[in-house]
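Good morning, and thank you for coming. I should like to take you through one structure, beginning with the surroundings of its ligand and ending with a single helix.

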Amino acid sequence: MLRAFGRLVAELDGTYIPGVDMGTTIEDLAVIGTVASDVACDRTDPSPWTALGVFCGIAAAVRHLDHTDLAGHRVVIQGVGHVGASLAQRLADAGAEVVVCDIDRARSERVAASVGGRSVAPEEVLGIACDVLAPCAQARVITTATVPTLGCRIVAGAANDMLSERSCADELAGMGITYVPDFLLNAGGVIHIHAIRSGWDHARLEGVVMGIGDRTGEVLERAEAAGRTPLDVAEELADERLGHPVSVPL
Ligand SMILES: NC(=O)c1ccc[n+]([C@@H]2O[C@H](COP(=O)([O-])OP(=O)(O)OC[C@H]3O[C@@H](n4cnc5c(N)ncnc54)[C@H](O)[C@@H]3O)[C@@H](O)[C@H]2O)c1
């Protein structure tokens with residue numbers, strides 16, 4: 001299957017470069033790379049960098065809302081695979097109360113024990129009263145049906161394509177929940193890929209990934225000042241920086 005996928009990628013002739021994502025490993029990308037025209041993440045796992053960016057973004061969101069650091073704040077992580085487990089460790093080191101959940105119950109218990117946190121069942125996770133819900137598993141967990149059941153004040157995680165529909169951003173705002181857009185928070189992995197290809201040193205890579213915290217703060221301030229959602233503002237910023245519209249309807 002991986003080689004068949006690689007052959008399809010080769011047909012695209014470099015317009016698509018696959019990288020590690022949910023359910024795949026660097027070993028998988030190395031197999032794809034034996035036939036694809038180009039692959040990323042076949043030697044190094046980007047996930048710790050993704051987790052660092054998510055961590056900085058969560059810290060910035062808490063700073064924006066509460067004017068404090070993360071200590072004592074409860075963060076619930078849905079999915080403790082490559083990104084979620086690394087994020088859990090960073091949050092615990094910063095003094096946050098960490099609650100984790102994974103459909104792999106043994107993994108959930110293991111990560112909870114290793115960070116001094118608590119493991120909860122997947123069916124409970126969205127409703128737990130907490131400061132931050134960090135979806136770090138599958139896409140589209142925030143839906144019109146789940147928004148009213150959320151127990152958090154902030155939604156900020158690594159999961160790609162987190163909202164089932166664009167209107168969920170407005171529904172979250174209507175519930176007083178701050179949503180930090182997924183593409184803003186989880187860019188650390190892609191920045192890592194760019195850094196390798198551009199020959200950046202460790203310090204430069206770390207600085208740019210940690211800049212996700214500043215960018216999150218900027219988006220939340222602009223959104224608050226303009227009475228708009230962070231999603232609208234983040235897309236506008238992306239358009240400004242690229243010089244052309246990138247927004248695509250969900
Ligand atoms: N790996 C990266 O660098 C990277 C970069 C950007 C975005 N992301 C996104 O972050 C998310 C996690 O990626 P990853 O690389 O850590 O994946 P992973 O496969 O390493 O881990 C995902 C974990 O989520 C668990 N899971 C799946 N469904 C679940 C559910 N319904 N409830 C609870 N747990 C569930 C799995 O058992 C697994 O442990 C994905 O949405 C991915 O697209 C990852």
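Before we look at the ligand, one convention is needed: Ala, Val, Leu, Ile, Met, Phe, Trp, Tyr, Cys and Pro count as nonpolar, Asp, Glu, Lys and Arg as charged, and the others, Gly among them, as polar. Please also keep in mind that this is a predicted model.

With that convention, the residues of the shell around the ligand divide into 12 nonpolar, 12 polar and 4 charged. There are 28 residues around the ligand, and those that come nearest are G79, G81, V83, A137 and G189. Two elements, α3 (47-66) and α4 (82-93), give two or more residues to this shell. The element that gives the most is α4, with 3 residues.

Let us now place the shell within the chain. The chain is divided into domain 1, residues 2-33, and domain 2, residues 46-250. Taken over C-alpha atoms, the centres of domain 1 and domain 2 are 26 Å apart. Each of the two domains supplies at least three residues to the shell around the ligand.

I turn finally to helix α5, residues 105-115. Which of its residues are buried? They are S108, V111, A112 and V115. These residues lie on the same side of α5, because they cover an arc of only 100 degrees around the axis. A106 and A113, on the other side of α5, are exposed. The cover over the buried residues of α5 includes α4, β2 (97-101) and β3 (118-119). After α5 comes G116, with a positive phi near 70 degrees.

Thank you for your attention.

Key: Residues are numbered from 1 along each chain as its sequence is written. This is a predicted model: local features need pLDDT of at least 70, side-chain atom pairs count only at pLDDT 80 or more; totals for chains, interfaces and linings use all residues. Domain bounds come from an automatic or database domain assignment. A residue is near a molecule or strand if its C-beta atom, placed from the backbone, lies within 6 Å of it. Helices (H or I, at least four residues) and strands (E, at least two) are DSSP runs, numbered from the N terminus. A residue is buried if 20 or more other C-beta atoms lie within 10 Å of its own, exposed if 12 or fewer, and partly exposed in between; C-beta atoms are placed from the backbone. The arc is that of the directions from the helix axis to the C-beta atoms. Two residues are in contact if their C-beta atoms, placed from the backbone, lie within 7 Å.
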